[in-house]
Amino acid sequence: MNRTSGLFDDRIAEWLEEDPDRAPAQLLETVLAAMPSVPQRRAGQAWRPAALPRWWQLAAAAALIVVLGLLGLTALYPPTVAPSQSPEPSLTAPARTFTPAASPSIPVASPSPQAGTALPDSVIGAWYHAAPGWWWFVRAGDPACVQAVRTDLDCVVWQRGTTPREIGSASIVDGDLQVAWRSGFCTRITSLYSVALQGDSLNLVDIGGGCEGGNFALTRAGTGSAPTAPPPPTP
Amino acid sequence: MQVELVERARRGDRDAFASLAAASADRCYALAYRILRDPHRAQDAAQQALLGAWRDLPTLRDVERFDAWLHRLVVNACYVEARTERRSAAKVRVLRAEPETSDIARGVVARDELEAAFRQLSPEHRAVVVLHHHLGYQLTEIAETLGIPAGTARSRLHHAVQQLRAVLDSGESAAAGERMA
């Protein structure tokens, strides 16, 4: 049977029309709860490569390639330095550096996360996400994390459905949650989430780093409609 | 009215943005759902778009274009969600339903086939189809909303519709064969 384009277009439109039009109430609640923790950008901060002329983008790309090439050559052929010119070793060590994980195969995060503080007690534990999935915030040394992240930082385990878990070190930086992912799809990425904790509801909003981009409306396991959590999957 | 709210919100008025978000939440969710085909991911994408709108609103130059700008944020959020979907989705095989004879059953099968065919499209192609067939955008509007050349919008729409048509035609041919047998 032959169809005209118009009939076929109508069929697609009718099919799309059958999809839901009403958002769950939780959507707006989450947005309004998280909004105070999301700072607005200033107008002058807007900058998008797509807004630039194409010739300018090409010129910038060419310049970048040249710079990277020079850096590569410098790395391959470092200049010889006389012993007397060698820099003195630094006496100050970073406050909290992220060393490679217990397993030597775990790569170091890039960009490097900032030094942070331990997670507050109020977020430690299991949180349910409607994906469905789970976020576990656990203290340093937990078996679920120790093989993927260093032991002197708290960590987070995130699992959506039956997908492989993702593990990262977790710390608080300027009031935001910083996760340096060490295992799973997001490995090597450092994400920053604003945190809005209200009772048994925890909203995480990605404000930098991306990867698991988006925001997460979490409910403490075993409260409300959230089921009881299984233990975090161990490596 | 909306322009005034947008003006106030871009100056940091949270109440104004709350009103805008309340008025836009359904639309954002509907758009995200149609692209992602999943309620939870659609909710995540819509939330991300609305919070991105709040964050970036001061950078919006033409407040009259708020709706199109918000649609762009939703589509971009859907791309991010779809990227995680591709890696997390189990290898689900779509099984063809057993041939049915009633018109109702054939309709259900056709919708399922359309759903399966649509899911095979890339997020970029899905977005163009939804903007055109659901929101009624013309190609120039799609190009402007998504920040792509008009030719790209046209080719994406053409490719997407051709792919959907091919899947449905093959399904109908198979069904006709069943009826002839």
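The following paragraphs go through a predicted model of two chains, A and B, from a barrel to the helices packed on it.

Residues are numbered from 1 along each chain as its sequence is written, and chains are lettered from A, with ligands numbered from 1, in the order in which they are written. Because the model is predicted, local features need pLDDT of at least 70 and side-chain atom pairs count only at pLDDT 80 or more, while totals for chains, interfaces and linings use all residues; side-chain values use heavy atoms, with hydrogens and water left out.

We begin with confidence. The score pLDDT is the predictor's confidence in each residue, from 0 to 100. Chain A has an average pLDDT of 73, and 71% of the residues score at least 70. For the named elements below, helices (H or I, at least four residues) and strands (E, at least two) are DSSP runs, numbered from the N terminus. Among the elements of chain A, E1(A) has the highest mean pLDDT (91) and helix H4, residues 143-146, the lowest (74). Residues 80-110 of chain A stay under 50, and the model has 40 contacts for them beyond four places in sequence; a contact means heavy atoms within 4.5 Å. Chain B averages 83, with 80% of the residues at 70 or above. Among its elements, H2(B) has the highest mean pLDDT (95) and helix H5, residues 103-120, the lowest (76). In chain B, residues 88-98 stay under 50 and have seven contacts beyond four places in sequence. For the complex, the predictor gives an ipTM of 0.81 and a pTM of 0.54.

Now to the barrel. In chain A, eight strands form a closed barrel in the order E1-E2-E3-E4-E5-E6-E7-E8, with antiparallel pairing. Neighbouring strands of this sheet are turned by 30° against each other on average, direction ignored. Two strands pair if DSSP finds at least two bridges between them. Strands E3 (residues 154-160) and E4 (residues 166-173) of chain A are joined by five bridges, and in this pair Val157(A) has Ile167(A) as its bridge partner. Seven bridges link E6(A) and E7(A), where Gln198(A) is partnered with Ser201(A). The hairpin of these two strands has two residues between them, and Gly199(A) there takes a positive phi near 60°. Ser201(A) also has a bridge partner in E8(A), namely Thr219(A). E7(A) and E8(A) are antiparallel and share five bridges, with Asn203(A) standing opposite Ala217(A). Strands E1(A) and E8(A) pair over three bridges in the antiparallel sense, and His129(A) stands opposite Leu218(A) of E8(A).

What lies against the sheet? One helix from chain B is H3 (residues 39-56), which lies across strand E1 (125-129), E3, E7 and E8 of chain A and runs at about 120° to E8(A). Here axes are lines fitted to C-alpha atoms, for helices over the stretch in contact, and angles run from 0 to 180 degrees between N-to-C directions.

The helices also pack on each other. Two packed helices are described by the angle between their axes and the distance between the axes. H2(A) and helix H2 (residues 14-36) of chain B pack at about 140°, with axes 10 Å apart. H2(A) and H2(B) are therefore oblique to each other: angles under 35 degrees count as roughly parallel, over 145 as roughly antiparallel, 65 to 115 as roughly perpendicular and the rest as oblique. Leu27(A), Leu28(A) and Leu32(A) meet residues of H2(B) including Ala18(B) and Tyr29(B). This contact has eight nonpolar residues, no polar and no charged. Here Ala, Val, Leu, Ile, Met, Phe, Trp, Tyr, Cys and Pro count as nonpolar, Asp, Glu, Lys and Arg as charged, and the others, Gly among them, as polar.

H2(A) packs against H3(B) at about 35°, again with axes 10 Å apart. Leu27(A) takes part in this contact too, along with Gln26(A), Thr30(A), Val31(A) and Ala34(A). The residues of this contact are six nonpolar, four polar and no charged. Within chain B, the axes of H2(B) and H3(B) come within 8 Å and cross at roughly 145°. The contact between H2(B) and H3(B) has 15 nonpolar, two polar and two charged residues.
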